Amino acid sequence: MVTKQNILRIENKWPNNPSFIAQKHSFISSILADCYKKRCTGTLTLKNNGIIKSIHFSSGEIIFAASNLPKEQFSEFLVSSRIINYQQLEIANKFLPQYQLDLGQVLVKLAYLDKDELKSLTTKLVSNIVWSTLTWQSPEVIFQEHQQLNDKLKISKPTLQLLYEGILQIENAGFLKQMLGNLDSQLYLNETSSKIYQSLNLENEEAFILSCLDSRPYTTKALIEMGSISEINVLRIICGLLETGFLRSLPFDKKDFMPNDSRFLDTGSIMKLCQEIDLKIKDINFCVSIYKLFEVDDNADIKQLKDSYERLARK
C-alpha cells in the first residue's frame, strides 16, 4: 500500500493505559482498521478544510460518529429523512432537560420512534459520516484515548462490515488505484473463505473474486483483465478485502509463475477450453457417433476408445 504522512497527534487521557501507537497512513480507512486491530477505546477526530468529524471506538468497534456539518446532525438527519417534523423536534428538545436523556432516547420516550428504529437510523447516519471521510487526503488526525465510552447507542453494524461497505462506495478509480499501489502485486487470502463469509456480507461479484483468490494467488491486474467484473468494482473489492485484513499483497515474483504449469491458466487458455467444451456438448446434442465424439477411427477397438476418453478427460 502507498503511504505518506498524515498529521497525527495522540492525547492519552488515561496515563495508566498503554498509549495508542498508530502508524502514519495515507488513508482514513487504514487508520480506522488500525484502531480496530489495536482494540482502541477513544475518539478519533478528523479535521479537513473546516469540517470536523469524530468517530468513537469501544474496544476497536465503532459505536458512534458525529459531524459539525448541519446536514449530519442527528436532528437534521431525522427531519430531512422525514422521520419526524420540526414541530416534533421542538417538543422533544423541550423535554431534554426534564428527562436528562439524549435526543434519540427522548424521541423513543415520546413514541416518535421505537428502539429498533432508533438503532437503525443511528447506524445509517454513523455509516454515512464514516464513509464520507474515506476519500479525505492528509487531514489532521487526533486520537484521544478514553477509559470507557457510553455505548448505549452502539450501532448495529460491525466495524469491518461498515468499513468494507464504505470502500465499495468509492467512485474515484484513480483514488482506489492509489490505495492499491502496484496492480501487479500478488494477492493472498489471510483467512479461509468460510471465515470471510462469516465476517462480511458478500454479493455475487465479491463472492466470485473470493472464489478466484481461494483457488490460487491473482494480481489485481489479472482479475481486471478477466473481464467478468468492471474495473471499478474489482478495485473496490480488492481494496475492501485488503483494508479489512482478509487479504494481503506481495510483490510479483516471476519465479513463482510457471507458464507451463497446468494450475495457471491465462484468459486465452480458459476461453479456448470453454470453446472445446461447448463443441463437445454440441456434438453430444446432435447425436454424433461415439467414434467421432472420442476422436478415433470408426474401426477403433475398446482399448483405443478407453485411451481416447482418458486423454480427453485430462485436457
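This report looks at one pair of packed helices and at one buried helix in a predicted model.

**Two helices that cross**

Let us start with how such a pair is described. Two packed helices are characterised by the angle between their axes and by the distance between those axes. Here the pair is α9 and α11, which pack at an angle of about 65°, and their axes lie 10 Å apart. Because angles from 65 to 115 degrees count as roughly perpendicular, α9 is roughly perpendicular to α11. The crossing of these helices is right-handed.

Which residues make the contact? The table lists them for each helix.

| Helix | Residues in the contact |
|---|---|
| α9 (residues 204-215) | Glu205, Glu206, Ile209, Leu213 |
| α11 (residues 231-243) | Asn233, Val234, Ile237, Ile238 |

By character, the residues of this contact divide into five nonpolar, one polar and two charged.

**A mostly covered helix**

Now for helix α6, which covers residues 159-168. How many of its ten residues are buried? Nine of them are, so α6 is mostly covered. The buried residues in α6 include Leu160, Leu162 and Leu163, along with Tyr164 and Gly166. Gln161, Ile167 and Leu168 are buried in α6 too.

Thr159 also lies in this helix. Is Thr159 buried or exposed? Its relative accessible area is 3%, and because buried means under 20%, Thr159 counts as buried. Leaving aside residues up to four places away in sequence, Thr159 touches Tyr36, Gly60, Glu61 and Ile62.

Key:
Residues numbered from 1 in each chain as written. Predicted model: local features only at pLDDT ≥ 70, side-chain atom pairs only at ≥ 80, totals over all residues. Heavy atoms only, no water. Axes fitted to C-alpha atoms, helices over the stretch in contact; angles between N-to-C directions. Helix = DSSP H or I, 4+ residues; strand = E, 2+ residues; numbered from the N terminus. Parallel < 35°, antiparallel > 145°, perpendicular 65-115°, else oblique. Left-handed = near helix turned anticlockwise from the far one by under 90°. Contact = heavy atoms within 4.5 Å. Nonpolar A, V, L, I, M, F, W, Y, C, P; charged D, E, K, R; others polar. Buried < 20%, exposed > 50% of the residue type's maximum accessible area, 1.4 Å probe, protein only.
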